[in-house]
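Student: I have a structure open and would like to talk it through with you. Can we take it one piece at a time?

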Amino acid sequence: MEFYRSHVLVCGGSPCVAAGCRAVRVEIERLVREQGLDREVRVVETGCLGPCDQGPIVVVYPEGTVYHRVNMGAAREIVAEHLVKGRPVTRLQYAGELPSVSTADDKRTDYFQIQKRIVLENVGLIDPESIEEYIARDGYLALGTALTNLRPADVIETVKRSGLRGRGGAAFPSGAKLEFTARTESDQKYIICNADEGEPGTFKDRLILEGDPHKVIEGMIIMGYAVGATHGYIYIRGEYYISIERIERAIRQARWLGLLGANLFGSGFNFDIEVKKGAGAYVCGEETALIESIEGKRGIPRRKPPYPGTSGLWGKPTVVNNVETIANIPPIILNGADWYRGFGTSTSPGTKVFTLTGNVNNRGLIEVPMGITLREVIYGIGGGIPDGRSFKMAQTGGTAGGCLAEAHLDMPMDYESMQSAGSALGSGALLIIDDSHCIVDVACSLLHFFAHESCGQCTPCREGTTRLVQIFDKLRQFRATQADLDLAMELATVMLRSSLCALGQSVVVPLGTIMQHFEGEIQAHLHGKCSVGLCHGACDCAEGRPAENV
Amino acid sequence: MTAVPGAACQCDSDFLSQVERIASMYRGKPEDLVLALHDVQALRNYLPREALRVVARVLDVPESRVYGVATFYSMFSTKPRGRHIIRICESAPCHVMGAKEVIDSLLDQLGVEMGGTTADCLFTVEATSCLGVCGVAPALMIDDEVYGNLVPGDLFEILERYK
Ligand SMILES: Cc1cc2nc3c(=O)[nH]c(=O)nc-3n(C[C@H](O)[C@H](O)[C@H](O)COP(=O)(O)O)c2cc1C
Ligand code: FES
């Protein structure tokens with residue numbers, strides 16, 4: 001292995017790519033060569049480092065200096081000053097700290113204390129295109145341990161005892177899911193990794209796949225061993241070009257080293273993985289719609305039961321898990337259930353990856369122990385609300401999650417507390433909205449999403465979402481009555497009871513919490529008043545297009 | 001939607017034989033229909049009816065099912081589209097960060113309505129749900145390239161790169 005005096009990590013997560021990190025990396029590489037430093041300095045494109053709105057992010061080791069918003073000029077300065085002369089460019093340095101970055105003189109602040117990285121332990125730290133770097137950080141050790149020292153039942157027992165619950169939205173106990181499929185007799189079983197990630201405000205799965213693809217592969221193989229499946233699929237949204245590229249490369253590398261394929265670790269266990277691309281449909285994230293899509297059909301949900309655990313892909317027992325859930329498996333197997341239970345709360349153990357978006361100073365990817373409060377996230381890690389504005393609401397768990405008001409800021413974020421407030425942790429989306437926004441406008445945006453993404457198969461969801469958009473457009477135009485609002489809640493309740501899948505069933509969650517926690521503001525719109533001054537009597541046609549979009 | 005000039009007669013035999021060649025890679029694998037359509041669409045940015053017929057024949061699945069799949073997924077289009085597809089996000093996280101102004105400005109600069117194609121067939125603009133880059137909202141994608149932290153003033157320069 002070659003020895004380098006400095007490592008330059010350029011974040012290659014999609015948000016940084018959007019900010020132009022590729023050109024910056026190429027420029028740094030060129031300058032390093034030009035200076036004749038290419039034997040001393042290694043430039044690596046890594047996964048996401050967290051503060052996405054600060055990109056492109058560049059970190060120089062061993063000092064652990066973090067540079068943000070690096071443009072071409074800054075790149076030149078960093079090479080000339082820091083790499084050539086050894087003088088960090090203070091002016092370009094990022095003031096916040098990154099949990100993944102260890103500095104030479106480690107004096108950590110609150111910001112780091114709050115975050116705890118299990119799923120993201122390698123993201124931003126290793127070169128995601130190098131299987132060697134993953135292995136050097138104990139990669140595939142959990143798999144080796146499982147295949148050589150543990151029986152499938154032991155693996156399931158460990159996952160059960162860890163208390164891990166599904167991170168894709170429904171929070172189903174992961175160990176129980178494995179056990180269910182393990183007990184079902186069948187000649188063929190499947191593991192599916194759900195990387196369809198369409199929940200607005202969520203981009204964690206993308207950044208996990210981009211930053212540490214091997215962890216997901218390792219998790220899937222261990223799950224396959226646990227239930228007796230030999231084939232896995234990763235279903236990725238078609239728009240996630242970089243994730244697809246990275247995971248396909250990682251699969252090829254794993255096959256090359258014999259970590260995928262036949263007779264893994266000499267155990268006689270075979271496992272291989274195939275990537276399937278989506279083509280743009282939110283509903284395909286629903287596990288049975290996803291299975292339909294893998295089978296090459298329209299992605300419309302199946303009636304449940306039977307659940308995929310007994311009859312899934314091609315009618316065979318299938319475990320469907322979210323990317324983040326799967327990425328938790330290797331660390332749990334490696335360190336044990338008790339270790340995992342040492343994080344989070346007794347009823348919601350472990351950590352949760354959140355994506356912080358909207359009106360906060362630091363937007364991006366974070367991983368925190370379960371049970372942390374919303375206030376700690378928004379005002380600690382998030383750095384508060386920008387532009388002197390104040391907090392109005394937070395929507396947790398994506399569009400299908402609840403809208404919480406100021407009164408909920410000190411509530412712990414775990415499964416139970418969220419549920420008691422009528423919301424959910426869901427996919428880990430945290431959308432923060434300040435007081436310059438009108439709740440009716442927010443509701444219109446959310447309802448428009450449901451109407452747009454309803455697959456049209458079942459009547460309650462198809463018609464219900466359309467009608468709700470119409471009612472809230474009326475409210476925005478000050479034309480709605482109390483009877484309209486009552487009808488809206490009734491519709492949402494009927495949809496909860498009678499929709500075929502959770503898309504239609506969950507509309508009541510955001511709607512109900514908005515009606516409950518922001519009643520005064522909603523009521524004011526019945527009387528022609530919008531406290532923010534955003535809604536007017538006249539039709540806002542660019543937004544209010546109920547029929548044509550469905 | 002603005003019509004694309006000459007679109008109706010794009011299915012020359014040369015094009016259809018390319019479709020046939022691509023579809024053949026998925027022969028015997030009807031479950032890969034979605035992947036086959038992705039590849040076929042890459043030729044012309046949309047899926048003409050004749051192309052769907054070829055795919056149906058080669059993969060040996062009913063044409064109705066191919067059509068059903070081609071019209072279900074938002075990344076597929078059975079109508080002609082421009083050379084570059086602009087997908088602009090209108091989900092809540094982008095909405096609260098000012099997506100509406102960006103969308104209005106984009107449509108204005110291109111002189112099209114949402115879903116429309118510019119007169120020179122260079123761009124088609126489509127509204128989409130979350131693109132998964134909300135950390136840099138508001139965002140859009142042009143083909144496979146993501147642009148984030150947008151303000152209306154950024155658009156001109158971005159569009160120029162594709163002209
Ligand atoms: C409309 C809809 C969309 C969904 N989208 C996703 C998604 O993008 N990713 C995901 O992991 N789960 C999604 N789910 C949840 C899945 O159906 C399923 O519960 C999950 O993949 C199970 O994995 P887990 O136990 O690891 O959470 C969605 C559910 C519904 C109803
Ligand atoms: S909401 Fe626009 S990219 Fe996610």
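**Chain B, its partner and the ligand**

Tutor: Read from one end of the sequence to the other, chain B runs α-α-α-α-β-α-α-β-β-β-α. Please keep in mind throughout that this is a predicted model.

Student: How many helices and strands does chain B have?

Tutor: Chain B has seven helices and four strands, and its C-alpha trace spans about 50 × 30 × 25 Å along the principal axes.

Student: OK, and which domains is chain B divided into?

Tutor: The assignment gives domain 1, covering 13–72, and domain 2, covering 84–160; taken over C-alpha atoms, the centres of domain 1 of chain B and domain 2 of chain B are separated by 29 Å.

Student: Now the contact with chain A. How many residues does each chain put in?

Tutor: Chain B contributes 43 residues to the contact, while chain A contributes 55 residues.

Student: And what area do they bury between them?

Tutor: About 3800 Å² is buried between chain B and chain A, and 57% of that lies on carbon and sulfur atoms. On the chain B side, the residues that lose the most area to chain A are B:Phe72, B:Tyr73 and B:Val96, which together make up 16% of what that side buries.

Student: Switching to the ligand: how many residues surround ligand 1?

Tutor: There are 19 residues around ligand 1, and the closest are A:Gly168, A:Asn194, A:Asn321, A:Asn322 and A:Thr325. Sorted by class, the shell holds five nonpolar, eight polar and six charged residues.

Student: Which polar atoms sit across from the ligand's oxygen and nitrogen atoms?

Tutor: Among them is an N or O atom in the side chain of A:Asn321, which is 2.7 Å from an oxygen atom of ligand 1, and the side chain of A:Lys177 likewise has an N or O atom 3.0 Å from an oxygen atom of the ligand. With A:Gly285 the backbone is involved, since a backbone N or O atom of that residue lies 3.2 Å from a nitrogen atom of ligand 1.

Student: How much of ligand 1 does the protein bury?

Tutor: Taken alone, ligand 1 exposes 610 Å², and the protein buries 91% of that area.

Student: Last one: which elements give two or more residues to the shell around ligand 1?

Tutor: Those are strand 9 (318–322) and helix 20 (502–505), both of chain A; strand 9 of chain A gives the most, with three residues.

Terms used
Residues are numbered from 1 along each chain as its sequence is written. Chains are lettered from A and ligands numbered from 1 in the order in which they are written. This is a predicted model: local features need pLDDT of at least 70, side-chain atom pairs count only at pLDDT 80 or more; totals for chains, interfaces and linings use all residues. Side-chain values use heavy atoms; hydrogens and water are left out. A residue is near a molecule or strand if one of its heavy atoms lies within 4 Å of it. A polar contact is a pair of N or O atoms within 3.5 Å; within protein, one must be able to donate a hydrogen and the other to accept it, and residues adjacent in sequence count only if both atoms are side-chain atoms. Accessible areas come from the Shrake-Rupley method with a 1.4 Å probe; for residues, only the protein chains shown count as cover. Ala, Val, Leu, Ile, Met, Phe, Trp, Tyr, Cys and Pro count as nonpolar, Asp, Glu, Lys and Arg as charged, and the others, Gly among them, as polar. Domain bounds come from an automatic or database domain assignment. Contact means heavy atoms within 4.5 Å. Buried area is the accessible area (1.4 Å probe) that two parts lose on being put together, summed over both.
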